[in-house]
Amino acid sequence: MVASSYPLVLWSPSTILMKRYYESGRCRISPKQFIDWVDAGYIRIIGRGRWIYDRHAREEHPWDGGKWIPAIDDAIRAICINDESEKDKGKRRVRVVEDEDGYKTADRILQEEPSRVPAVWELVWSRNLPLGSIDKVRQKLGPLSTKKQYSRKERFLAAREVLRDARNHARAIELADVQAPFLSERDGRFFSLLEGNDDFLQRSDSSSSSGASHVASATHDLLRHLEGLQKTHSLQGFVGSDGHRELGKWMAKMANAATKESPKDIDSYVLRSLLNEVESDKGDLTRIFPKNRLERMGEAGDFLINLAEVLMEPARAFGIAGLSLKVVRIVTGISRKLGVVKPDYRGPQWPFLYAFGRTPWLGDIKAIRRLLTTISRKK
């Protein structure tokens, strides 16, 4: 999420879970690195005042993940206080937002449309809820048992908790002002079941939010595949780089375009879009060098042999027209890179900067192209 967002906006992050997961090896980002990225603005935090400021309230929080970690939360609070004077709220690295209106909204919905209770109860009974909502329902009703006959009041209370959480979750996404929200598979399924209930989501673009969340998930999966190609690069080196900024823009573009795609087609759409962008810039080299030689141009020696062949006998290979500028451009690249192949690639640089820590070489383009093609076929 950090890699594919510029910046990543987090809602009330659990610092104790972050520390615990880092120490157990489940998270690659240390608490210190996290604070450094918040300080630099690559990660932004929003939350209620009690979560950001009030250590006592956090210590009393019923959820174990709400506990205050001084080494992290003290620094987050300090950054928030420092940024309070920034008039442009969008530039604040840590920002306090309005108190929740979840129960108020849930009560209004249930008062106006009590017929919603059975539909929401079905989501409760089938466990098609975010885990936090399931826990809150259990706190109200106890363990959900098939042997028990639940009263109308109990079902009402369960529906009230679910609608309250849904409203707060949707409002958090809205307050974050994000273009591609990251939702877990369970959360995504829950919101897809509630899609169309604009009276509590209070959004005119619920389909856009759904499409954007699918793009975020698909891009996240794509980055996991690209990690398999990594050689010398690190996440720490990538964050804040030109590639990081470019990937963030690409995510925003994909999320916006995905509103025209159905959620089930998003994975293929994301892969197809990137593959097309990579493929669209291979033409110059194929016009300069014979196709069978392109397969062997990964090393400088093969490249120079092909280059010499073209320079010595251009008429036999391709004809003189239109060749000189491309050859000059490549020769200049060879001189500058001391024999390392750097093709005239104009497509998105971020996959190469993410996977290899450098702008693309010919072998890198072939590797990315093979990977994208393989994943597309599997999809």
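This tour moves through a predicted model, beginning with its sheet and ending with a pair of helices.

Start by selecting strand 1 (8-11), strand 2 (residues 43-48) and strand 3 (94-97), which you can colour as a group: an open sheet of 3 strands runs in the order 1-2-3, and its pairing is parallel. As you turn the view, look at the edges, where strand 1 and strand 3 each have a single partner strand, so one side of each has no neighbour in the sheet. From one strand to the next, the twist averages 25 degrees.

Next, keep strand 2 and strand 3 on display, since these two pair in the parallel sense over 4 bridges. If you then show R48, you will find it opposite V97 in strand 3.

Now add the helices that lie across the strands. Helix 5 (residues 70-83) lies across strand 2 and strand 3, and runs at about 80 degrees to strand 3. Helix 9 (residues 152-176) lies across strand 1, strand 2 and strand 3, and its direction makes an angle of about 135 degrees with strand 2.

Finally, select helix 14 (residues 242-257) together with helix 15 (residues 266-279), whose axes come within 11 Å and cross at roughly 125 degrees. That angle makes helix 14 oblique to helix 15, and the crossing in which helix 14 passes helix 15 is right-handed. To see where they touch, show the side chains of W250, K253, M254 and A257 in helix 14, which meet Y269, V270, S273, L274 and E277 in helix 15. The residues of this contact comprise 6 nonpolar, 1 polar and 2 charged.

Conventions: Residues are numbered from 1 along each chain as its sequence is written. This is a predicted model: local features need pLDDT of at least 70, side-chain atom pairs count only at pLDDT 80 or more; totals for chains, interfaces and linings use all residues. Side-chain values use heavy atoms; hydrogens and water are left out. Axes are lines fitted to C-alpha atoms, for helices over the stretch in contact, and angles run from 0 to 180 degrees between N-to-C directions. Angles under 35 degrees count as roughly parallel, over 145 as roughly antiparallel, 65 to 115 as roughly perpendicular and the rest as oblique. A crossing is left-handed if the near helix is turned anticlockwise from the far one by less than a right angle, and right-handed if clockwise. Contact means heavy atoms within 4.5 Å. Ala, Val, Leu, Ile, Met, Phe, Trp, Tyr, Cys and Pro count as nonpolar, Asp, Glu, Lys and Arg as charged, and the others, Gly among them, as polar. Two strands pair if DSSP finds at least two bridges between them.
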